[in-house]
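Please work through the following exercises with the structure at hand. Each task is followed by a solution in steps.

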Amino acid sequence: MKLATLKTGGRDGRLVVVSRDLTEMTDAGEIAPTLQDALDDWEHAGAKLEALAESLSHGSVPSERFHEHNALSPLPRAYQWADGSAYVNHVELVRKARGAQMPQSFWTDPLMYQGGSDSFLAPRDPIRLADEAWGIDFEAEIAVIVDDVPMGATPEVAASKIRLIMLVNDVSLRGLIPAELGKGFGFFQSKPSSAFSPVAVTPDELGSAWDGGKLHLPLNVDYNGKPFGRANAGVDMTFDFPTLIAHAAKTRPLCAGSIIGSGTVSNKLDGGPGKTIEEGGVGYSCLAEIRTVETINSGEAKTPFMAFGDNVRIEMLDEKHHSIFGAIEQTVEKYEG
């Protein structure tokens, strides 16, 4: 089942069921006005939405054309957005580039930060920021939406609570991060609003690509119209989603609709840093990583961060090269507010 939230219908949008090929949709308002309403009563609403999706596939319910540009992020705002750093290769590279040793505990205890969840960007909205000097970067990731997760849940219990999967652009302001982290109190200004894919899908839609904890498909990142990243989301993922969810729920319950992110998807190459697509590698899922590799290899970063007018597209294709979640496609614009 594939679900989307249209821009019509107020601040939290209007829930629709979308066809598998992302071309048609049908209104789900009689079941749940919004995706959060559906998640709050998933035991009943989920089954009804599945039946509606089946009816849509048979053409037995009213439908209309689905346009990704009309979609908000599946949850335009959420009770919780906690982003992990499951691809420890990414963390190791970033620290190595600045000459910092990585604690051994990073391989056994996940990193996670609590992001702002009150105002997600739509997947085709521009990224509006006031200053290029802030070091604007994209981060292509996978995320899951969970049902209610009890405090102290085991990874096995956490796995059973995954309801939907989607893609993320976790926008980062690299120029602001060092000073914020230097205060010892975590990210805030350096993490503006994130954007999610037009469509969120249930795990069964992914077939064998979803193993219950990891999504084994390349995450396609195009930057200014050129292939930039094709890292496989199921490779080099040190902590799977059940582990990340259990980590988040160690000292608190998670309410239905909480979003857990994977962190930047990152693949090693022959045990070391990856290479660009042009060099025969799978590329990168953010600009910071290519800059760290450049620093490691030549002593300085050559690739600039995003400038006004730059564009990023994030998408995942199935084995038949069909888009699964639709595309996040965003251009950086100057905020004039």
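The exercises below concern a predicted model and treat its cores, a loop residue, a helix, the cysteines and a pocket.

**Exercise 1. Nonpolar cores**

Task: Determine which residues of the largest nonpolar core touch the most other members, and list the contacts of F325 beyond its neighbours within four places in sequence.

Solution:
- Step 1. The largest nonpolar core holds 69 residues, and those touching the most other members are I142, V144, I165, L215, I245, M316 and F325.
- Step 2. With neighbours within four places in sequence left aside, F325 contacts L22, I165, M166, L167, S197, P198, V199, V201, L206, L215 and M316.
- Step 3. Another core, of 29 residues, lies apart from the largest one; V17, A32, A53 and L164 are among its members.

**Exercise 2. A loop residue**

Task: Locate L219 relative to the strands, and decide whether L219 is buried or exposed.

Solution:
- Step 1. L219 belongs to the loop that runs between β14 (199–201) and β15 (220–223).
- Step 2. The relative accessible area of L219 is 0%; this is under the 20% cut-off, so L219 is buried.
- Step 3. Residues up to four places away in sequence are not counted here: L219 touches A140, E141, I142, L167, G229, R230, A231, V265, I314, E315 and M316.
- Step 4. L317 is 98 residues from L219 along the chain, and their C-alpha atoms are separated by 7.9 Å.

**Exercise 3. Helix α6**

Task: Establish how many residues of helix α6 (residues 241–248) are buried, and which elements they pack against.

Solution:
- Step 1. The buried residues of α6 are F241, P242, L244, I245, A246 and A248.
- Step 2. Because 6 of the 8 residues are buried, α6 is largely enclosed by the rest of the structure.
- Step 3. The packing partners of these buried residues are β7 (112–114), β10 (140–146), α4 (155–159), β11 (162–169) and β17 (259–261).
- Step 4. I245, one of the buried residues of α6, also appears among the residues with the most contacts to other members of the largest nonpolar core.

**Exercise 4. Cysteines**

Task: State how many disulfides the whole structure contains, and give the exposure of C255 and C286.

Solution:
- Step 1. The search of the whole structure returns 0 disulfides.
- Step 2. C255 has a relative accessible area of 30% and is partly exposed, whereas C286, at 0%, is buried.

**Exercise 5. The second largest pocket**

Task: Describe the volume and the lining of the second largest pocket.

Solution:
- Step 1. Its volume is about 310 Å³.
- Step 2. The second largest pocket is lined by 15 residues, with K2, E205, D318, E319 and I324 nearest its centre.
- Step 3. The lining comprises 7 charged, 4 polar and 4 nonpolar residues.

Methods:
Residues are numbered from 1 along each chain as its sequence is written. This is a predicted model: local features need pLDDT of at least 70, side-chain atom pairs count only at pLDDT 80 or more; totals for chains, interfaces and linings use all residues. Side-chain values use heavy atoms; hydrogens and water are left out. On a 1 Å grid over the protein atoms alone, a cavity is a set of points where a 1.4 Å probe fits but cannot get out, and a pocket is an open set with protein on both sides within 12 Å along at least five of seven lines; lining residues have an atom within 4 Å of a point. Grid points are joined across faces, edges and corners, and a volume is the space filled by probe spheres set on the points. Ala, Val, Leu, Ile, Met, Phe, Trp, Tyr, Cys and Pro count as nonpolar, Asp, Glu, Lys and Arg as charged, and the others, Gly among them, as polar. A disulfide is a pair of cysteine sulfur atoms within 2.5 Å. Buried means under 20% relative accessible area, exposed over 50%, partly exposed in between (1.4 Å probe, protein chains only). A nonpolar core is a set of buried Ala, Val, Leu, Ile, Met, Phe, Trp, Tyr and Cys residues joined through side-chain atoms within 4.5 Å. Contact means heavy atoms within 4.5 Å. Helices (H or I, at least four residues) and strands (E, at least two) are DSSP runs, numbered from the N terminus.
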